[in-house]
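Got your viewer open and a selection box ready? Let's go round the model one stop at a time.

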Amino acid sequence: FNVRPLSDDQQTLVDTIARLRAGGWTDSQVAKHFNALGWLAPRGHQWIAQSVFSVRSKSQKRAERHG
């Protein structure tokens, strides 16, 4: 597979979620934090716990596939 790299914004998002989760934050807390900052979820909506989980899950699967 030839997969294009994540954009800088996408990588920042993935890294921020990973850092917050490593600090003990739940997906719900991360979502509330992003909403307080005015960040929109990838599809342009407010963040919910499921959207944080989705980004984490897709990032993990991508890492497993492509090292």
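A quick definition before you click on anything: a residue is called exposed when its relative accessible area is over 50%, buried when that value is under 20%, and partly exposed in between. With that in hand, here is what to select.

**Confidence colouring**

Remember that this is a predicted model, so colour by pLDDT to begin. The protein chain has a mean of 92, and 96% of its residues reach 70 or more. Confidence is highest in helix 2, at 98, and lowest in helix 3, at a mean of 92.

**Helix 1**

Select residues 8-22, which make up helix 1. Put a distance label between its end C-alpha atoms and you should get 21 Å. That agrees with expectation, because 15 residues at 1.5 Å a residue should span 21 Å.

Now show side chains for L13, V14, T16, I17 and L20, the buried residues of this helix. Look down the axis of helix 1: these buried residues fall within an arc of 160°, so they line one face of the helix. What do they pack against? Helix 2 (27-37) and helix 3 (49-66) are the partners.

Spin round to the other side of helix 1, where D8, R19 and A22 are exposed. While you are here, pick Q10, also in helix 1. Is Q10 buried, exposed or partly exposed? Its relative accessibility is 41%, so it counts as partly exposed. From Q10 to A22 you step 12 residues in sequence, and the C-alpha to C-alpha distance is 18 Å.

Just past the helix, click G24, which follows helix 1 and has a positive phi, near 95°.

**Helix 2**

Next, select 27-37 for helix 2. Its buried residues are D27, V30, A31 and F34. They cover an arc of only 100° around the axis, which puts them on the same side of helix 2. This buried set packs against helix 1 and helix 3.

Flip over to the other side of helix 2 and highlight K32 and A36, both exposed. For A36, the relative accessible area is 70%, so it clears the 50% cut-off for exposed. Draw a line from A36 to Q46: the two are 10 residues apart along the chain, with their C-alpha atoms separated by 9.9 Å.

At the end of this stop, select G38, which comes just after helix 2 and takes a positive phi of about 85°.

**Helix 3**

Go on to residues 49-66, helix 3. How far apart are its end C-alpha atoms? They are 26 Å apart, which agrees with the 26 Å that 18 residues should span at 1.5 Å a residue.

Show S51, V52, V55 and S57, the buried residues of helix 3. They pack against helix 1 and helix 2. For contrast, pick K58, which is in helix 3 too. K58 is exposed, because its relative accessible area is 57%. Measure across to V14 if you like: K58 and V14 are 44 residues apart along the chain, and their C-alpha atoms are separated by 9.7 Å.

**How the helices cross**

Time to switch on axes. Two packed helices are described by the angle between their axes and the distance between the axes.

Take helix 2 and helix 3 to start with: they pack at an angle of about 105°, with their axes 7 Å apart. That makes helix 2 roughly perpendicular to helix 3. To see the contact, select D27, S28, V30 and A31 in helix 2, which meet A49, V52, F53 and R56 in helix 3.

Then swap helix 2 for helix 1. The axes of helix 1 and helix 3 come within 10 Å and cross at roughly 105°. Helix 1 and helix 3 are therefore roughly perpendicular to each other. Here the residues to select are L13, V14, I17 and R21 in helix 1, and they meet V52, V55, R56 and S59 in helix 3.

As a last view, keep V52 and R56 on screen: both meet residues of helix 2, and both meet residues of helix 1.

Definitions and conventions
Residues are numbered from 1 along each chain as its sequence is written. This is a predicted model: local features need pLDDT of at least 70, side-chain atom pairs count only at pLDDT 80 or more; totals for chains, interfaces and linings use all residues. Side-chain values use heavy atoms; hydrogens and water are left out. Helices (H or I, at least four residues) and strands (E, at least two) are DSSP runs, numbered from the N terminus. The expected span of a helix is 1.5 Å times one less than its number of residues. Buried means under 20% relative accessible area, exposed over 50%, partly exposed in between (1.4 Å probe, protein chains only). The arc is that of the directions from the helix axis to the C-beta atoms. Contact means heavy atoms within 4.5 Å. pLDDT is the predictor's confidence in each residue, from 0 to 100. Axes are lines fitted to C-alpha atoms, for helices over the stretch in contact, and angles run from 0 to 180 degrees between N-to-C directions. Angles under 35 degrees count as roughly parallel, over 145 as roughly antiparallel, 65 to 115 as roughly perpendicular and the rest as oblique.
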